[in-house]
Structures are given as structure tokens and as C-alpha cells.
Amino acid sequence: MTVTERPGTSSGPPRFSPRGDMALLGLLRHAGTGSVAALVLVSVLQVAAPLAVAYVLGALAGLLVDGAAATAFDHALGPLLALAVMMLLTQASSALEKPLRDRVTRQVDGRVRHRVRRIALDAATPAELAEQSVQDDLELVTKGYSHHTAGAAATAQLALCFRRAATVAAAAALAVFSWWIALPALVLVLAQNALLRRQWAGTGGIRTLALRTQPLQRRADHLADTVTGARAAKEIRIFGLAGWFVSEYERVALARFTPLWSKRMRVMGEQWIVLGMSALTAVPVFVLIAMAAARGELTAAELLFHLRVALLLLAGSALGLEPFVVDYGKVSAAAYRRLLDRFGRRAPATVPGGTVEAAPAAIRRTDTVATAPPMIRFTDVGFGYPNGDRQVLDGLNLEIRAGEKLAIVGLNGAGKSTLVRLLTGLQSPQRGRITADGADIAALGLPAWWARLAVVFQSPVRYHLSAEDNVRLGNGALNDPEIADRTLREALDQAEARELVEALPDGLSSVLSAGYRGGTDLSGGQWQKIALARAFYAAGSGASVVVLDEPTAHLDVKAELGVFRKLIEATADRTLVLISHRFATVRHADRIAVLSGGRVGELGTHEELLARGGDYARWYHLQAALVHGRVS
Ligand SMILES: Nc1ncnc2c1ncn2[C@@H]1O[C@H](COP(=O)(O)OP(=O)(O)OP(=O)(O)O)[C@@H](O)[C@H]1O
């Protein structure tokens, strides 16, 4: 498929060559051979049956009008039976066509979605996955464009091919009467169809406009999803946002659809051209057939047959729904093509410039023996987000000693979470190196590196799974039931989450989502404990570097203190990198790094940094004063 532009870009709509539309048929290989064969068979029947009916009807008319009255009925029995069979076949093929087409569509879409899920899970790096264009393409493939999917485009294109075949077959049948009538009629019918398609569906028509206004559609969808979702319900009520949401939705929807409606009205006004072409085709064909009949050049059988096939030929100019499905669905197919071109040939879990490794689960340990923690070094690291206007990290140097407990502090936006993303290999530095025991972490192979990490991110994922599975996801490879159970119990204790889990309706088996029978949602702090337990589970089964990005932000003071003590215990022989704004916790770290201006501004023990009297000392005293109510 030839795609020259992305939908929604300012320079114009995507263009597809006619060859591109035919290339959609290639997607049918993703469907079962039996289903495609059945669909083709039914489509062939739909082409052949109306012609056969025309022929048999003609034969019947011939017998009844031209034949001898005495024997006409006897001779008509055969054609009547044939007619009945044809009618049955036509009805059966019409009834079967839709379900078969749906089945093939679903099979293609299922396979296509499966492939892009593998791309999202394995082939694309987290940084690539976060790119807006990749997110757009993933959405286009999984949800379709305007709900029309790649599979729907492929089956609609197949239907269009058969409709075109039916038109040509009808023209060929009419050529028996006169090729010089059939040929121009065919050309006019095809031109009329092409014009209709151009007006309604094709590039330069309504579809182009629909593509240009796609960002508005995204905003309208977001507004609609927000008002019907449960998450925003509280804020919408308390801030009194209902009226604003309704009027904003109307504004956006009107902005999207008004140009489309005006374009549609203009196209309606242009229909006289199509009507004119219809008249130009139909009138001469019927007049010439009638004149031939009047001159006695046609038998009743021939007259009826020619009239029927002429009608079939003229029906070929109709637009139908398929061109719309093709034109919208191929936007989804083009997104699939782009994802395949970029990631399809990449082996699972490879990194550009990195080494190919087996899937993470295979690298994760199946026992509880900790790997030796490495010495991690950031050397002159520079990094800025592609859509950002500054270097978040700019010449950062930092050594994280094997087994040390290092706290990282800094103001909001200083780059602490960014440092975690780089340390965990989710983003690559644009300058400098990050090494573990002297080897670049990208060259180690990220899956191998990830297997050595236990991480709690700032907003951990809330898996709608059982409490047990939520914790055991920390190491899916730990299959030995005895080891897994012991590690699970320890992890729950270390995260101070045991009581919480025991109080759940089904204990460890309770699904952590109110959307399931017997399931229940958790508070922010409870979710944080579950995420901590997950990290402890990973640490308890071999991960030697524990990275926690504000893991206790939602915890109450008692829980935080308990968790922190257990954290130090649990990571005794492991490295701990802790990001926190809570200085009461941070002060117990072996060393504290203060991030400012994209670098490590201060580094040392709590006492050293206090003595230094810099940012850390100022923030520490400020927070202590706040806690003790000494700040007005
Ligand atoms: N995906 C992103 N795209 C563009 N800019 C980003 C992205 N993520 C973070 N930033 C920017 O990078 C800077 C550092 O963000 P980061 O999340 O690392 O800060 P932080 O120190 O962890 O802050 P906080 O204490 O608020 O959690 C901020 O200016 C933020 O706006």
C-alpha cells in the first residue's frame, strides 16, 4: 500500500494509489483459508446467479411467448426448476455473505491486532512506544479509523472487486446484443461510479475533510469518555463542570461536522451530473433494445434477457457502502503497515543499538539467590525529551556504589523520574554513558538489565488482577510453588501489606478492581503498598538493584516508617535508589544526591550535606520546621 502522508498532518490527507487499494487484499492471508474460500465462492455466486436468472427468465419467456401453447408448460418445467434453484442460491448467498464477510473481517483484525500487541509488548522500546505517532498508529490499528478497521477494508475491497466483475460480466452479456452499445455503456457506468466515489468517498471528497478534522474527533471522544467514565464523576460534580462539558462537546462536534455537512450538501447539489450520466447511459441502451424488438430482430427470450442484463450493468454505477469502508479502513491498514515497517522485522525485546536478548521472563531468576549488585555510573549524561525544549539532564555524573542506599532529592521537575527512566533503560541518554560494572547497560541487553531491577514507578500500574497476581508479577518466572509462596509472604510483610490483603473479601484471590464480582478497589496508599510488595517480590527473587520513585508518597507516617525500616532490611545486600520528598526518610540513606540544573548539585551523607549548608540543608530545615509548626 502506498501511503505518502499521515492522517491529521497539516500538509494534507494521505493518498493511496489504486494499486494500494488492491494491496488491501493481501491482508486476507491473515484469515482462515476456509473462510476466505467460502466468501469467494458466495461472491462468485452473487455475480453468476443474476446472469443465470436473466438467461433462464429469457428462456421461459421464449417458451411461453414464442413456443407452441400445447407443449409450452411441459418444456417450461425444466427452466422453472432451474429458476427456483437460482432463486434459492441467490437468497442463500445473500444471507451468507454478511456473516462470512464479518467472520473474515474479524479473523484479519484479530491477527493484525495480535501482531501490533506483540510489537507494543516486545519490539518497540518504551521510549518508542511513548512517541505520539506510534500511539496514534496503535490506536488506528486497534480501534480502526472512524471504527473502520483494516480487516473491514480488506473484505470491502474484495466485495468491490466482485461488484466490478459483475458489471463487466453484465456488459459482456449485453455485448451479445451489440458490443458497440455494451462497451460505451460500460465505460459510462464505470465513469459514473468513479465520479460518485470521488465526490463521496475519495481523496478530495468528504473523506479528506474527515481526515483533516480527526484531531477534533479525538478531543470530542476524550470529552465524551470523560463524562461517562467513573474517574472524573467526582470532579465534574464538585467543580460544577457538567454544563461546560456539554457545551464544549457541542462546540467541538460542531467544529468537526459543520464543514462535513456543508461539503455533503455541496455534493448533493452536484448530483445532477450523475443523474445526467445515468440518463445518457440508460436511455440509448433501452431505446436501442426496444427498437430492435420493434423491428422484429429480437425474440421474446432475447428481449427479456437483454433488458435484464442492461439493468444489471446500469446497477454497476451505484456507490454502495464499500468505498467508504475501504477509504476509512485503509487509514487503519496504513498505520499497520507503518508499524510493521518500523518494528516488524525487529526480534522481540531488542533495542536499537543494543544486543538481542531472550524475553525478560526467561532471564528472571527461578530461585531466590540475589545476583551481586553492580557498580552503576552515569558519566556526563545529557538527555532532553523529543517534545521538550530543554536538556532535563545536562552533564550529569553520578556513581551508585554496589549495595549502597542512595536517596535522590530535588525540586519538582528537577529530573529525578527522568533519571530513573534512564537508569532503567526506558530512555537512552543522548550524551554520555550509563554503565553497570563498566558495561553500557544498552550493550548488556535491556531484558538482562531489567531482570536485575526491582522498580516502583511514581504511578504504578493498577492491574485488575488478584492481589496475589499483582504481587507475583514482580517475577513471573518464579514458578516453584514453595519458593513463590515464601517470597510472596515475605514481600507482603516487607511492604506492610499483609493485613491489607487479609482484610480483602477473598484475601489473596480478591481481584483489585470494583468492576469484577467480589472485586474491590484500593486506596492510593494501599495500591502503593501492593506496588512495593511487587518490587520486594522481585528483589526477593534475585533482583539486586531496587529503584523506588516516591514509593511512600501516599503512605501514612506510621506505614512509611515501617516500610522504610523493612526496605533497608530487605535491601541489605542490594542497591537501593530511593527518590523521595520526605526528608525524614531520606536522611537514613547512605548518601543523598541533590539534583538541580540537570546535574548532581550536592552529594554526601545527611550530616555532610547539613554541614555544607546548601539546598539540601535549607529544604531539610524548612520541612522540619513545617512538621513542627514553626513556619508561618
Ligand atoms: N514525557 C515527557 N515529555 C516531555 N517532557 C517531559 C516528559 N516527562 C517529563 N518531562 C519534563 O521533564 C522535566 C523533568 O521531569 P521529571 O518527571 O523527571 O521531574 P521530577 O524531578 O521527577 O519531578 P517531580 O518531583 O514533580 O516528580 C519536567 O520539566 C517535565 O515537564
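Modeller: Two residues are in contact if their C-beta atoms, placed from the backbone, lie within 7 Å. The model is predicted, with local features requiring pLDDT of at least 70 and side-chain atom pairs counted only at pLDDT 80 or more, while totals for chains, interfaces and linings use all residues. Residues are numbered from 1 along each chain as its sequence is written.

Colleague: How many helices and how many strands does the protein have?

Modeller: Both kinds of element are DSSP runs numbered from the N terminus, helices being H or I over at least four residues and strands E over at least two. The count for the protein is 26 helices and ten strands.

Colleague: What distance separates the centres of domain 1 and domain 2?

Modeller: The domain assignment (bounds from an automatic or database source) places domain 1 at 18-344 and domain 2 at 362-627. Taken over C-alpha atoms, their centres are separated by 54 Å.

Colleague: Which strands stand at the edges of the six-stranded open sheet, and why is one side of each left without a neighbour?

Modeller: Strands pair if DSSP finds at least two bridges between them. The sheet has mixed pairing and the order β6-β7-β8-β3-β9-β10. Each edge strand has a single partner, so one of its sides lacks a neighbour in the sheet; these strands are β6 (453-456) and β10 (599-604).

Colleague: Which residue stands opposite L406 in β8?

Modeller: Strand β3 (residues 405-410) and strand β8 (residues 575-579) are parallel partners, joined over four bridges. Within β8, the residue opposite L406 is V577.

Colleague: Which residues does I408 touch, leaving out those up to four places away in sequence?

Modeller: I408 belongs to the largest nonpolar core, a set of 76 residues (buried Ala, Val, Leu, Ile, Met, Phe, Trp, Tyr and Cys joined through C-beta atoms within 7 Å). Together with A533, A535, F536, V546 and I592, I408 touches the most other members. The largest share of this core, nine residues, comes from α22. With the stated exclusion, the residues touched by I408 are K416, L419, V577, I579, A593 and L595.

Colleague: At about what angle does helix α16 run to β1?

Modeller: Angles run from 0 to 180 degrees between N-to-C directions, with axes fitted to C-alpha atoms, for helices over the stretch in contact. Helix α16 (residues 416-423) lies across β3, β7 (545-549), β8 and β9 (591-596), at about 150° to β7. α16 also lies across β1 (376-383), β2 and β4, and its angle to β1 is about 115°.

Colleague: Which residue in β5 stands opposite T435?

Modeller: The open sheet of four strands is antiparallel, in the order β2-β1-β4-β5. Its edge strands, each pairing on one side only, are β2 (393-400) and β5 (439-440). Two bridges join β5 to the antiparallel strand β4 (residues 431-436). Opposite T435 in β5 is D440.

Colleague: Which residues of α20 are buried?

Modeller: The 14 residues of helix α20 (residues 481-494) should span 20 Å at 1.5 Å a residue, and its end C-alpha atoms are 20 Å apart, which agrees (the expected span is 1.5 Å times one less than the number of residues). A residue is buried if 20 or more other C-beta atoms, placed from the backbone, lie within 10 Å of its own, exposed at 12 or fewer, and partly exposed in between. The buried residues of α20 are A484, T487, L488, E490, A491, L492 and Q494.
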